[in-house]
Amino acid sequence: MTETTVNDAEIAKFTAMAEQWWDPRGKFKPLHKFNPVRLAYIRDNLVRHFGRDATSIRPFEGLTVLDVGCGGGLLCEPLTRLGATVTGIDAAERNIAIARIHAEQSGLEIDYRATTSEALVAAGERFDVVLNMEVVEHVDNVPLYMKSCADLVAPGGLMFTATLNRTARSMAFAVIGAEYVLRWLPRGTHDWNKFLTPEEIKAQIRRNNLRVTGETGVVFHPLSDEWKLSSDMGINYMVLAERSAA
């Protein structure tokens, strides 16, 4: 039997919410609020790494980007507008259907596919940038998933990983607070036992021949009602890695 990273229960969970991907007041409201800070982190690091003009309207012309677990395309669309050639994949076919419809309505050409990272590896595909954002805590077989994402990074390319730390604070705020008290997310969205520490993520990255070049926490500021980068990686965090150009 072929190994897979797909967790059927997780796919069913997000399929049930698929119609609300682009509703900023719906079940994905927290992700809409989170999107600007992660997009800015991606943009700033791509400009720096690939030597692009930060003042350009389309600074990422010629770069290929893969968004693994793309959902409805919340990252795919702005990166396409910034000039990148974007492929979005998701194991939930309904998510891909919603993403395709929204991209068409927005006049954007995005290569959306209902498939997995390991399937793309088997097909020999590579990308300048691989986005592994808020997915690893929802998959089965984390080592296989992280290996497949790393294998998809072309020489000289980057991989971004965003996830939740496995701490007492993440249990209190990301699970109990967000799902049961504030009801930002449907109950059962996250399983705290599947969260990974930054050291665990970085170990997986290094094991797959990428070099960790950056890391940051992301924290919510209630007074300004927005997410910001922070040195505090106790709950949400992102890790940046690159593959040698040689």
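# Close-up views of a predicted model

Buried residues make up 53% of the 246 residues in the protein. The structure shown is a predicted model. The protein holds 8 helices and 8 strands. Among contacts between residues at least 6 apart in sequence, 68% join residues at least 24 apart.

**View 1. The largest nonpolar core of the protein contains 38 residues.** The members that touch the most others are Ile42, Phe60, Leu79, Tyr112, Leu131, Met133 and Phe160. Two or more residues each are given to this core by helices H2 (29–50), H3 (76–81) and H4 (93–105), and by strands S4 (127–133), S5 (153–164) and S8 (236–242). Helix H2 supplies the largest share, 8 residues.

**View 2. Phe160 is shown with the residues around it, and a second core is introduced.** Leaving out residues up to four places away in sequence, Phe160 touches a run of residues from Val129 to Met133, namely Val129, Val130, Leu131, Asn132 and Met133. Its other contacts under the same condition are Tyr41, Ile42, Asn45, Leu46, Val239 and Leu240. Apart from the largest core lies another core, of 26 residues. Val68, Val142, Met159 and Tyr237 are among the members of this other core.

**View 3. Strand S4 is shown with its pairing partners S1 and S5.** Of the 7 residues of S4, 6 are buried, so this strand is largely enclosed by the rest of the structure. Strands S1 and S4 pair in the parallel sense over 4 bridges; here Asp67 has Leu131 of S4 as its bridge partner. Strands S4 and S5 also pair in the parallel sense, over 6 bridges, and here the bridge partner of Val130 is Met159 in S5. Between S4 and S5 the chain passes through helix H6 (residues 142–151), and this β-α-β crossover is right-handed. In a regular strand, side chains alternate between the two faces of the sheet.

**View 4. Arg38 is one of the positions that an unreviewed UniProt entry annotates as "binding site".** The annotation in that entry also covers Gly69, Asp90 and Met133. Arg38 lies in helix H2. Is Arg38 buried or exposed? With a relative accessible area of 5%, Arg38 is buried, because this value falls under 20%. Not counting neighbours within four places in sequence, Arg38 is in contact with Leu31, Leu74, Leu75, Met133, Glu134 and Met238. One of these contacts, Met133, is itself covered by the "binding site" annotation in the UniProt entry.

**View 5. Gly69, also covered by the UniProt "binding site" annotation, is found in a loop.** This loop runs between strand S1 (64–68) and helix H3. Gly69 has a relative accessible area of 29% and is partly exposed, because this value lies between 20% and 50%. When residues up to four places away in sequence are set aside, Gly69 touches Ile89, Asp90 and Val135. Asp90, one of these contacts, is likewise covered by the annotation in the UniProt entry.

**View 6. Cys70 is shown with Cys76, the residue that holds its closest cysteine sulfur.** How far is the sulfur of Cys70 from the closest cysteine sulfur? The distance is 4.8 Å, which is too far for a bond, because a disulfide requires sulfur atoms within 2.5 Å. The count of disulfides comes to 0. Cys70 is buried, with a relative accessible area of 5%. Cys149 is buried as well, at 0% relative accessibility.

Conventions. Residues numbered from 1 in each chain as written. Predicted model: local features only at pLDDT ≥ 70, side-chain atom pairs only at ≥ 80, totals over all residues. Heavy atoms only, no water. Core = buried A, V, L, I, M, F, W, Y, C linked by side-chain atoms within 4.5 Å. Buried < 20%, exposed > 50% of the residue type's maximum accessible area, 1.4 Å probe, protein only. Contact = heavy atoms within 4.5 Å. UniProt positions renumbered as here; feature names shortened; annotations may be inferred. Pairing = 2+ DSSP bridges. Right-handed = clockwise from strand over helix to strand, strands pointing away.
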